[in-house]
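Subject: Structure handover

Hello,

Here is the structure I said I would pass on. My notes on what was found in it follow below.

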Amino acid sequence: MMAAPAFSNGAWRLDELLAGFIAPGIEVSPVPLAGIALDSRKAGPGALFLACQGGQAHGLDFARELAGRGLGAIAAEPGGPWSLSAMSALAAELSLPVIPVEQLSVRAGAIAARFHHDPSAALEIIGITGTNGKTSVSHFVAQSLASEVRCAILGTLGQGFPDALSSTGMTTPDALSLQSTMADLRQQGAAAVAMEISSHALAQRRADAVHLDYAILTNLTRDHLDYHGSMDAYAAAKARLFAFQGLRWAVLNADDAFSVQVLGSLSPEARLALYSLSPAPSLPAGVLGRCDLLLCARHLELHQRGLRLTVQVQRPAAGSEMLDGVIEAGLIGRFNAANLLATLALLLARGVHFDTALHQLNQVCGVPGRMECFGAEGEPLCVVDYAHTPDALEQALGELRSHCNGKLILVFGCGGERDRGKRPLMGQAAARLADHIILTDDNPRHEDGDAIIAEILAGMDEAQASGQKADGSVPPPEIERQRAVAIRRALLLAGPEDAVLIAGKGHETEQDMGDLKVRFSDRAQVMQALREWRGRD
């Protein structure tokens, strides 16, 4: 890491900040910089604007709009119409340094890390990736480490400490915001950060400049194919996390075949922990000899509003004896048992004593909007979950069935302007596993909500035609596009022995209907519907 600049106000000089990022022979003036920005709207006086080649436009297309803001300088990625000569002409026109930086899109994070004095190097970084479970694992990790270190969270529910998160609007921020956030968390006293790292962030290399200590894989199922194009590309993006230089431990799900692919690219220096819900997971030859920690579920009991997990731990590579223990938590579902195992593996990899780790996991609380339970004894069990993929919906329904003595009622829809291919698959899962279905809107954005529902219904029709329902019938769905009305309708149908799953939006507090954004919370709607259920005749 480069030494801090000598300016009295602590600002970087342009030539110092870009040293090592520019080609030999390019002269860079010692302009003092007051900030750094990737978004032209955030480039203020004295800032360095990083003008990258985007999917739709180049950052330099906005340079003339910035000229009157007192910008300090521009670092620009050569490409398209912006050749070196075009950049030189722009610099002369604006009387502003415009410095060419090859592959600036990829190197932006490293420049931002230098600007903020490499904050992640002073933090213990735990990265979590996977299709489902990232948010729960990040919160379980932060809660479990609380008695030892101050662990912050960075992910879907926001950034900060577990009891005081501020929303970021995305799972993993852009490369500059990520480094700025790391610096803020360090300044606030964080010693560790449990961060969700999305496939988008990995594909766009937003986290490349983060010093990663631990990497956790939850699972890999279909999602985001509207962006990645194929499962192979999606998997390749996820696998990048486990090739980070300096990675100390990889924590992999032995029940997911994708883990074998990850093992192929894992650095030899990284130690390996595997976890499984099976007492005897099927592992490829040679894996046990590579494995430093193996965690297996010996027995799992699912109660009405919690679980009891008996776990066995061994260190195969060291040939040590096995340890047995029990985790009891107020969480629903087998996948939460898997999330607990992943967290336990991380704690043990860090050197936490086994008994201490079990005690810490017994204290964890559920995450808002992640299989979050509502309703008291004698009332329907209502669960709000973020499930918005076929696998997540199937798992949520399957797990809730284990906690349900009556009928299982489902309220869900699919997001607009997202992977259309998963809509019929979610319809099939719903038809197979729910007793009554109410289809509704879920962030339709600028798409026609009726058209979205039609694509879900096509999957339900296919389930009907192929007889996928165990009893040979698929429940005819109700369609109620007003989500609040759909939730109240589900509770009206429910009795004390029944369970209601409201899937798709989880923790979200807004309904996106294109140009119209309205405040909306499934959690608040469920609480209101339960109050109405209690007051009915």
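In strand S7, Glu 124, Ile 126 and Ile 128 point one way, while Ile 125, Gly 127 and Thr 129 point the other way, and all are buried. Before going further, please note that this is a predicted model. Strand S7 covers residues 124-129, and since 6 of its 6 residues are buried, the strand is largely enclosed by the rest of the structure.

Which strands pair with S7? One is strand S11 (residues 192-196), which is joined to S7 in the parallel sense over 5 bridges. Within that pairing, Glu 124 stands opposite Ala 192 in S11. Strand S12 (residues 214-217) also pairs with S7 in the parallel sense, over 4 bridges. There the bridge partner of Ile 126 is Tyr 214.

Next is helix H5, residues 134-145. Of its 12 residues, 11 are buried, so H5 too is largely enclosed by the rest of the structure. The buried residues of H5 are Lys 134, Thr 135, Ser 136, Val 137, Ser 138, His 139, Phe 140, Val 141, Ala 142, Ser 144 and Leu 145. The length of H5 can be checked as well: at 1.5 Å a residue its 12 residues should span 16 Å, and the end C-alpha atoms are 17 Å apart, which agrees.

On the overall division, the protein has three parts: domain 1 (32-102), domain 2 (114-362) and domain 3 (372-535). The C-alpha centres of domain 1 and domain 2 are 37 Å apart. UniProt, in an unreviewed entry, lists residues 34-115 under "domain: Mur ligase N-terminal catalytic". Over residues 34-115 the chain is 33% helix and 18% strand, with its end C-alpha atoms 10 Å apart.

Two other sheets are worth going through.

The first is an open sheet of 4 strands in the order S3-S4-S5-S6, with parallel pairing. Strand S3 (35-37) and strand S6 (98-100) stand at its edges with a single partner strand each, so one side of each has no neighbour in the sheet. On average, neighbouring strands of this sheet are turned by 20 degrees against each other, direction ignored. Strand S5 (residues 73-76) runs parallel to S6 and is joined to S6 by 3 bridges. In this pair, Ile 74 stands opposite Val 98 in S6.

The second is an open sheet of 6 strands, with the order S18-S19-S23-S20-S21-S22 and mixed pairing. Its edge strands are S18 (372-374) and S22 (478-479), each of which pairs on one side only. Away from those edges, strand S20 (residues 408-412) and strand S21 (residues 436-439) run parallel and are joined by 4 bridges. Leu 410 stands opposite Ile 437 in S21.

A few single residues remain.

Lys 238 carries the UniProt annotation "modified residue: N6-carboxylysine", again from an unreviewed entry. Lys 238 is placed in helix H9 (residues 231-239). Is Lys 238 buried or exposed? Its relative accessibility is 1%, so Lys 238 counts as buried, the cut-off for buried being under 20% relative accessible area.

Ile 111 is found in helix H4 (residues 104-115). Ile 111 has 0% relative accessibility and therefore counts as buried. Ile 111 and Gln 179 are 68 residues apart in sequence, and their C-alpha atoms are 9.5 Å apart in space.

How many disulfides does the structure hold? The count is 0. Cys 296 is in no disulfide, and the nearest cysteine sulfur, that of Cys 291, is 8.8 Å away. That distance is to be set against the cut-off, which asks for sulfur atoms within 2.5 Å. Cys 296 is buried, with a relative accessible area of 4%. Cys 382 is in no disulfide either; the nearest cysteine sulfur, that of Cys 373, is 9.5 Å away. Cys 382 counts as buried, at 0% relative accessibility.

Regards

Note on methods: Residues numbered from 1 in each chain as written. Predicted model: local features only at pLDDT ≥ 70, side-chain atom pairs only at ≥ 80, totals over all residues. Heavy atoms only, no water. Pairing = 2+ DSSP bridges. Axes fitted to C-alpha atoms, helices over the stretch in contact; angles between N-to-C directions. Domains from an automatic or database assignment. Buried < 20%, exposed > 50% of the residue type's maximum accessible area, 1.4 Å probe, protein only. UniProt positions renumbered as here; feature names shortened; annotations may be inferred. Expected span 1.5 Å × (residues − 1).
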